[in-house]
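Colleague: Hi! Could you walk me through this one before I head back to the bench?
Modeller: Happy to, here it is.

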Amino acid sequence: MESETDGGGCTTLEEHLIRVGFALGGDDGCIADARQRAIAFLKQAGEDYGLTVPARANHVTQLVVSELVTNAYKYAPGPVLVELGVTTRAVEVVVWDSDPTVPAARTADPGRIGGHGLEIVEAVTDALSVHRETVGKRIAARIALPGGSKASPG
């Protein structure tokens with residue numbers, strides 16, 4: 001759920017139309033598996049709720065899932081948990097891993113090979129947040145849909 005103000009200063013919640021979560025084992029195929037699940041999730045949102053997810057939002061969702069899962073796979077031992085949600089305003093991607101280190105996007109460096117994932121995610125999403133958890137961390141990204149507004153991703 002995402003919180004919003006109802007205009008009178010009270011906070012309201014917008015329910016996800018559909019939400020799924022899954023665990024990835026961290027093997028070499030987990031990144032492709034996560035992308036395929038994102039594609040299937042958005043297709044299901046369209047079929048079940050008549051939600052039109054534009055091609056750009058579909059591609060950005062796949063890119064964000066791929067980058068965040070790749071980072072988790074590369075830097076954190078153990079499983080990776082992914083949660084996908086969609087409201088009438090946005091697609092939300094949340095990735096949890098066991099490493100408590102909070103990543104930070106680096107300044108652009110055309111000579112650097114690799115290490116651009118978080119920069120890319122920040123550039124293509126409307127909101128990005130990182131939360132340290134009791135174990136590990138949770139990274140949440142929000143991809144606005146047409147007519148949606150920018151807000152913090154839980």
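Modeller: One term before we start: a salt bridge here is a side-chain nitrogen of Lys or Arg within 4 Å of a carboxyl oxygen of Asp or Glu. Keep in mind too that this is a predicted model.

Colleague: Okay, then how many salt bridges does the structure hold?
Modeller: The structure holds five. In one of them, the side chains of arginine 19 and glutamate 83 meet, with 2.8 Å from N to O. Arginine 19 lies in strand 3 and glutamate 83 in strand 4, so this pair ties together parts that are 64 residues apart in sequence.

Colleague: Are those two buried or partly exposed?
Modeller: Partly exposed: glutamate 83 has a relative accessible area of 30%, and arginine 19 has 44%.

Colleague: And which residue meets lysine 137 in a salt bridge?
Modeller: That's aspartate 97, again at 2.8 Å from N to O. The pair ties together parts 40 residues apart in sequence, because lysine 137 lies in strand 7 and aspartate 97 in strand 5. Lysine 137 is buried, at 6% relative accessible area, and aspartate 97 is buried as well, at 5%. The cut-off for buried is under 20%.

Colleague: Got another one for me?
Modeller: Sure. Arginine 138 forms a salt bridge with glutamate 133, and their closest N and O atoms are 3.0 Å apart. Arginine 138 is partly exposed at 24%, and so is glutamate 133 at 32%.

Colleague: Switching topic: what's the strand order in the sheet?
Modeller: The order is 3-4-5-7-6, in an open sheet of five strands with antiparallel pairing. Strand 3 and strand 6 are the edge strands, each pairing on one side only. On average, neighbouring strands are turned by 15° against each other, ignoring direction.

Colleague: Does anything pack on that sheet, and if so, which strands does it touch?
Modeller: Helix 2, residues 55–75, packs on the sheet and touches strands 3, 4, 5 and 7. The direction of helix 2 makes about 10° with that of strand 5.

Colleague: What about strand 4, is it buried or exposed?
Modeller: Five of the seven residues in strand 4 (residues 80–86) are buried, so strand 4 is largely enclosed by the rest of the structure. Strand 4 pairs with strand 3 over seven bridges and with strand 5 over six. A hairpin of three residues joins strand 4 to strand 5.

Colleague: Can you trace a row across for me?
Modeller: Valine 20 has leucine 84 as its bridge partner in strand 4. Leucine 84 in turn stands opposite valine 93 in strand 5, and the bridge partner of valine 93 in strand 7 is alanine 141.

How values were computed: Residues numbered from 1 in each chain as written. Predicted model: local features only at pLDDT ≥ 70, side-chain atom pairs only at ≥ 80, totals over all residues. Heavy atoms only, no water. Buried < 20%, exposed > 50% of the residue type's maximum accessible area, 1.4 Å probe, protein only. Helix = DSSP H or I, 4+ residues; strand = E, 2+ residues; numbered from the N terminus. Pairing = 2+ DSSP bridges. Axes fitted to C-alpha atoms, helices over the stretch in contact; angles between N-to-C directions. Contact = heavy atoms within 4.5 Å.
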